[in-house]
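Thank you all for making time this morning. I would like to walk you through one structure, and I will take it slowly for those who have not met it before.

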Amino acid sequence: MVWSGEDEPPFLHDHPVLGPFVKFSYSIGVKPAIWIRKNLVEPYRGEPEAWYHRRYRRVPTIDECYVDDVICREEAQQQFLRDKSVEGQILSLLRSRVDDCMFYEKGTGMSAWGDPKYGPTIDMSDESEHPCKKILDTFRRATKNYFIKYGELGNYPRVENAYMKQKHRLMWERRHGEIGSGMKKEE
């Protein structure tokens, strides 16, 4: 068998004992697949489509569903769980970025040895100039927002409970000011 320049000969094609068997099995098993690919698949294949993650259609949120519309409520529940999963993965990614930054940009100087009289090992105070400060602030803000939206909903959160939690929080902030800032003074 003469090999053309297009394809490489199979492994062990020139072996004195196994060579004929390898050539025969190659011509029976692989050559038809190569011919089908070159003559049938590739000529009819168009421009390759760009591959992206699957995009789900946004469904109506729970506040847009009627009380007796079970399908709409279930779609809103699945959308809520999908959003929770995505935001959890974003939080996990931010956490790993903070960990990597802390590992590579650990404090330098005497404070890196961990002696408390020289200050904290990694200074992350508000006026800190540490390279990881911006990433850590983003992580803390994302963690706070994640807890505001999904915290204390239990192991099997329902979108209705999250909606009521949001409603109660907004009512509290309207009456008493932002949570954690103390109560508004009576005017």
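I will begin with the disulfides and then turn to a pair of helices.

Please keep in mind that this is a predicted model, in which local features need pLDDT of at least 70 and side-chain atom pairs count only at pLDDT 80 or more, while totals for chains, interfaces and linings use all residues. Residues are numbered from 1 along each chain as its sequence is written, and side-chain values use heavy atoms, with hydrogens and water left out.

A search of the whole structure finds two disulfides, a disulfide being a pair of cysteine sulfur atoms within 2.5 Å. In one of them, the sulfur atoms of cysteine 65 and cysteine 72 lie 2.0 Å apart, and the torsion about their S-S bond is about -70°, so this disulfide is left-handed. Cysteine 101 is joined to cysteine 132 with an S to S distance of 1.9 Å. Since cysteine 101 lies in helix H3 and cysteine 132 in the loop between H3 and H4, the pair ties together parts that are 31 residues apart in sequence; helices here are DSSP runs of H or I with at least four residues, numbered from the N terminus.

How, then, do H3 and H4 pack? Helix H3, residues 70-104, meets helix H4, residues 133-150, at an angle of about 155°, their axes 10 Å apart (axes are lines fitted to C-alpha atoms over the stretch in contact, and angles run from 0 to 180 degrees between N-to-C directions). That makes H3 roughly antiparallel to H4, a term used for angles over 145 degrees.

Conventions:
Helices (H or I, at least four residues) and strands (E, at least two) are DSSP runs, numbered from the N terminus. Angles under 35 degrees count as roughly parallel, over 145 as roughly antiparallel, 65 to 115 as roughly perpendicular and the rest as oblique.
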